[in-house]
Amino acid sequence: RFERAAVVPRRRGRLRDVVAGVEAELIEATMAECEGNRSRAAATLGITRTTLLQKLRQYGLDPAPGDG
C-alpha cells in the first residue's frame, strides 16, 4: 500500500489538470518571490525565460503581455 507523502496536495481529478494547477501555483509564487523579475523566476524554476513566458500566458498569469 502506498502512503501519502506530506508534500502532495490533496486534490482529485485528471493527473494533467492537477499537475497544471500545481505548476501554475508554483509559477505564481515564484514570480511573487522574485518581485516580477521573469529572468530570475525562470532561473529559480530551472526553465528558460521563453518557457516561463509561455507558461505565464498559458495559465493567464501574464499581467502585461509584452512587458519585460
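Reader: Where is E35 placed, and what makes its phi notable?

Author: E35 is in the loop between helix 1 and helix 2, where helices are DSSP runs of H or I with at least four residues, and strands are runs of E with at least two, numbered from the N terminus. Its phi is near 55°, a positive value in a residue other than glycine. Most residues other than glycine have a negative phi. This is a predicted model, in which local features need pLDDT of at least 70 and side-chain atom pairs count only at pLDDT 80 or more, while totals for chains, interfaces and linings use all residues. Residues are numbered from 1 along each chain as its sequence is written, and side-chain values use heavy atoms, with hydrogens and water left out.

Reader: Why is E35 called exposed?

Author: The relative accessible area of E35 is 71%. Exposed means over 50%, buried under 20%, and partly exposed in between, with a 1.4 Å probe and protein chains only. E35 is therefore exposed.

Reader: How do you know whether T30 is buried or exposed?

Author: T30 has a relative accessibility of 6%, so T30 counts as buried. The residue is in helix 1 (residues 15-33).

Reader: What makes the approach of the T30 side chain to L26 a polar contact?

Author: The T30 side chain reaches the backbone oxygen of L26 at 2.8 Å. A polar contact is a pair of N or O atoms within 3.5 Å; within protein, one must be able to donate a hydrogen and the other to accept it, and residues adjacent in sequence count only if both atoms are side-chain atoms. The value of 2.8 Å therefore falls within the cut-off.

Reader: Which residues does T30 touch, leaving out those up to four places away in sequence?

Author: T30 touches A41, T44 and L45, contact meaning heavy atoms within 4.5 Å. With the same exclusion, A41 touches T30, M31, C34 and L52.

Reader: Why is the E23 and K55 pair called a salt bridge?

Author: A salt bridge is a side-chain nitrogen of Lys or Arg within 4 Å of a carboxyl oxygen of Asp or Glu. The closest N and O atoms of E23 and K55 are 3.0 Å apart, so the pair qualifies. The two residues belong to distant parts of the chain: E23 lies in helix 1 and K55 in helix 3 (residues 49-58), 32 residues apart.

Reader: What makes the burial classes of E23 and K55 what they are?

Author: E23 has a relative accessible area of 25%, and is therefore partly exposed. K55, at 19%, is therefore buried. Not counting residues up to four places away in sequence, K55 touches E23 and I27.

Reader: How many salt bridges does a search of the whole structure find, and which involve D62?

Author: The search finds three. D62 meets R38 at 2.7 Å, N to O, and R57 at 3.6 Å. D62 is in the segment after helix 3, while R38 is in helix 2 (residues 38-45), 24 residues apart.

Reader: Why is D62 called buried, and how does R57 count?

Author: D62 has a relative accessibility of 12%, so D62 counts as buried. R57, at 46%, therefore counts as partly exposed. Salt bridges with shared partners join R38, R57 and D62 into one network.

Reader: What makes the eight residues of the largest nonpolar core a core?

Author: A nonpolar core is a set of buried Ala, Val, Leu, Ile, Met, Phe, Trp, Tyr and Cys residues joined through side-chain atoms within 4.5 Å. The members here are I27, M31, C34, A41, A42, L52, L53 and L56. Helix 1, helix 2 and helix 3 each give two or more residues to this core, and the largest share, three residues, comes from helix 3.

Reader: Why are helix 2 and helix 3 called roughly perpendicular?

Author: Their packing angle is about 100°, with the axes 9 Å apart. Axes are lines fitted to C-alpha atoms, for helices over the stretch in contact, and angles run from 0 to 180 degrees between N-to-C directions. Angles under 35 degrees count as roughly parallel, over 145 as roughly antiparallel, 65 to 115 as roughly perpendicular and the rest as oblique. The two helices are therefore roughly perpendicular. In this packing, R38, S39, A41, A42 and L45 of helix 2 meet R49, L52, L53 and L56 of helix 3.

Reader: How do you know how Q58 is classed?

Author: Q58 has a relative accessibility of 53%, so Q58 counts as exposed. This residue lies in helix 3, and its C-alpha atom is separated by 9.9 Å from that of A20, 38 residues apart along the chain.
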